[in-house]
Amino acid sequence: MDKNAITIAIPKGRLLADCLDLFSRVNLKVSGGVDTSRKLLFPSEDSSARFLVVRDKDIPTYVEYGAADIGVVGKDVLLEAGKDLLEPVDLGFGFCRIVVAEPSFNTQQWCSSGWGHPRVATKYPNIAGDFFASRGEHVEIIPLYGAIELAPLTTLADRIVDLVSTGETLRQNNLVEVEEVIQVTARLVVNRASLRTRSDQLVHLIEEIRKASGK
Ligand code: PRP
């Protein structure tokens, strides 16, 4: 491995294939089977970079601390993490939305004040909290880690704030969208110190990525 290798954090899961494709288009092909291996660290074929394959929620932390020079992460994760990262390129892929949804059979009035505040289950407590606060609506945020759609079906919450891609999970659980909170795409994020100390390498790479993304 080249001792000047750039460290790039990419997320497991739904953005992985697009990330591998993007980096191969800027001549950084990952060596080894990222999809099949249990390894978490992969050199590029030319050894000029190494890829960390981590959970999407951990990417802002790796990049903030400089353990990775750059990373790719969804805007949803970025907003929720609230880290101070440079975000030079909207990569365009991984489009989805964060929405407010409720049971299609809901007949009760959504009431935003008074004694019992409506309960909103979400794995985005910061985004959801900011959204309702900005509208002056008082809600109780119920943080969950997954299967958010279950919350209104079990009386845990009145509504959810969650990611929607195809809409299939909402449909299959008899939920309907009430309102869009934000649109989400994958972003390139960069560590501020790395951009200063390795500016030749990184400025060039960011430019290549920008071109490869059609920006
Ligand atoms: C997300 C989201 C929904 C689902 C929406 O979950 O929380 O459950 O995808 O996708 P759809 O609109 O295409 O049906 P994810 O798969 O990321 O899993 P998680 O709940 O474990 O985070």
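These legends describe views of a predicted model of one protein chain.

**Figure 1. The whole chain, with its helices and strands.** The chain has 215 residues. Its secondary structure comes to 8 helices and 11 strands. Along the principal axes, the C-alpha trace spans about 60 × 35 × 30 Å. Of the residues, 44% count as buried. Now take the contacts in the chain with a separation of 6 or more. Residues 24 or more positions apart account for 66% of them.

**Figure 2. Two domains in one chain.** The domain assignment gives domain 1 and domain 2. Domain 1 is made of two stretches, 6-94 and 185-212. Domain 2 covers 96-184. In sequence, domain 2 therefore sits between the two stretches of domain 1, as the domain assignment has it. The centres of the two domains, taken over C-alpha atoms, are 30 Å apart.

**Figure 3. Where domain 1 meets domain 2.** How many residues of each domain are in contact with the other? Domain 1 brings 8 residues, and domain 2 brings 10. The area buried between the domains is about 790 Å². Carbon and sulfur atoms give 54% of that area. Between domain 1 and domain 2, the count of salt bridges is 0. Polar contacts are there, however: 4 residue pairs, both residues at pLDDT 80 or more, are in polar contact between the domains.

**Figure 4. The domain 1 side of the interface.** Which element gives the most to the side of domain 1 that touches domain 2? Helix 3, residues 75-81, does, with 4 residues. Sorted by class, this side of domain 1 has 1 nonpolar, 3 polar and 4 charged residues. Recall that 0 salt bridges are counted between the two domains.

**Figure 5. Phenylalanine 105 in its loop.** Phenylalanine 105 lies in the loop between strand 6 (96-103) and strand 7 (119-122). Is phenylalanine 105 buried or exposed? Phenylalanine 105 counts as exposed because its relative accessibility is 51%, and the cut-off for exposed is over 50%.

**Figure 6. The neighbours of phenylalanine 105.** Leave out residues up to four places away in sequence. Which residues does phenylalanine 105 then touch? The answer is Leu153 and Asn174. Valine 176 is 71 residues away from phenylalanine 105 along the chain. In space, the C-alpha atoms of phenylalanine 105 and valine 176 are separated by 9.2 Å.

Technical notes
Residues numbered from 1 in each chain as written. Predicted model: local features only at pLDDT ≥ 70, side-chain atom pairs only at ≥ 80, totals over all residues. Heavy atoms only, no water. Contact = heavy atoms within 4.5 Å. Buried area = accessible area lost by both parts, 1.4 Å probe. Salt bridge = Lys/Arg side-chain N within 4 Å of Asp/Glu carboxyl O. Polar contact = N/O pair within 3.5 Å; in protein donor to acceptor, adjacent residues only side chain to side chain. Helix = DSSP H or I, 4+ residues; strand = E, 2+ residues; numbered from the N terminus. Nonpolar A, V, L, I, M, F, W, Y, C, P; charged D, E, K, R; others polar. Buried < 20%, exposed > 50% of the residue type's maximum accessible area, 1.4 Å probe, protein only.
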